[in-house]
Amino acid sequence: SPGRGWVVDPIDGTTNFLRGLPMWGISIGYMEGGESVAGVIVLPELGETLCAVRDSGVWRNGAPFLRACAPAIRLIALGENDWESGAQTDARGVLLRDAGYGVARYGCASFSLASAALGWTDGYVEHGCSLWDIAAGAVICREAGLTVATAEIGSGRWSVEARG
């Protein structure tokens, strides 16, 4: 089984960061046996910090946090990258819309996963991202009560589906 260690993304959402958009984050995850067991996501432009440890819940800006959302308004974030073709990602967006979701694309996995954990969205889906994009967010979303599935789908490429 895979070992343990830190997975760090000092600026996730580099394009957003470089263009002055607030949707970027700092993501630090700790993994054991191929599973995210602790994580921190900082959204500096929004003044938000989320932390989680497996089986211990989520903290928002240093205080225990319980997720709430507006279930009548369904919104899910969709990631895109250079591994999966645009047509494949677009087709996934159509399927999500057909399932009754509004679809947003923020261009940053850590921002999107934090948004799902906070209840701003109902989840996040991306196929072909890097482990450093999702290591922290996977445990944070799981501890916030979302169903989270991650899998390595190619050499160094991962999928994540987090839904509330």
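I take contact to mean heavy atoms within 4.5 Å. The model I am reading is predicted.

**Entry: the antiparallel sheet**

I looked up the strand order of the open sheet. The sheet has six strands in the order 1-2-3-4-5-6, and their pairing is antiparallel. I then asked which strands stand at the edges. They are strand 1 (4–12) and strand 6 (63–65); each has a single partner strand, so one side of each is left without a neighbour in the sheet. I noted the twist as well, which averages 20° from one strand to the next.

I followed the pairing of strand 1 with strand 2. Strand 2 covers residues 25–32, and seven bridges link strand 1 to strand 2 in the antiparallel sense. For a pair to find by eye, I picked tryptophan 6, which stands opposite tyrosine 30 in strand 2.

**Entry: helices on the sheet**

Next I checked what helix 3 lies across. Helix 3 is residues 109–118, and it lies across strand 1, strand 2, strand 3 (35–43), strand 4 (48–53), strand 5 (58–60) and strand 6. Its direction is at about 100° to strand 3. Helix 4 (residues 131–143) also packs on the sheet. I listed the strands that helix 4 touches: strand 1, strand 2, strand 3, strand 4 and strand 5. With strand 3, helix 4 makes an angle of about 100°.

**Entry: helix 3 against helix 4**

How far apart are the axes of helix 3 and helix 4, and at what angle do the helices pack? I found the axes 9 Å apart and the angle about 5°. Angles under 35 degrees count as roughly parallel, and helix 3 is therefore roughly parallel to helix 4.

I wrote down the residues that meet. From helix 3 they are Ala109, Ser110, Leu113, Ala116 and Ala117. From helix 4 they are Asp133, Ile134, Gly137, Ala138, Ile140 and Cys141. Sorted by class, this contact has eight nonpolar, two polar and one charged residues.

**Entry: the parallel strands**

I turned to strand 7, residues 75–78. Strand 7 runs parallel to strand 8 (residues 102–104), and three bridges join the two. Here isoleucine 76 stands opposite valine 103 in strand 8. Strand 7 also runs parallel to strand 9 (residues 123–129), to which two bridges join it. Leucine 78 has valine 125 in strand 9 as its bridge partner.

Last, I asked which hand the β-α-β unit of strand 7, helix 2 and strand 8 has. The unit is right-handed, and its helix 2 spans residues 86–98.

Conventions: Residues are numbered from 1 along each chain as its sequence is written. This is a predicted model: local features need pLDDT of at least 70, side-chain atom pairs count only at pLDDT 80 or more; totals for chains, interfaces and linings use all residues. Side-chain values use heavy atoms; hydrogens and water are left out. Two strands pair if DSSP finds at least two bridges between them. Helices (H or I, at least four residues) and strands (E, at least two) are DSSP runs, numbered from the N terminus. Axes are lines fitted to C-alpha atoms, for helices over the stretch in contact, and angles run from 0 to 180 degrees between N-to-C directions. A crossover is right-handed if, with the strands pointing away from the viewer, the path from the first strand over the helix to the second runs clockwise. Angles under 35 degrees count as roughly parallel, over 145 as roughly antiparallel, 65 to 115 as roughly perpendicular and the rest as oblique. Ala, Val, Leu, Ile, Met, Phe, Trp, Tyr, Cys and Pro count as nonpolar, Asp, Glu, Lys and Arg as charged, and the others, Gly among them, as polar.
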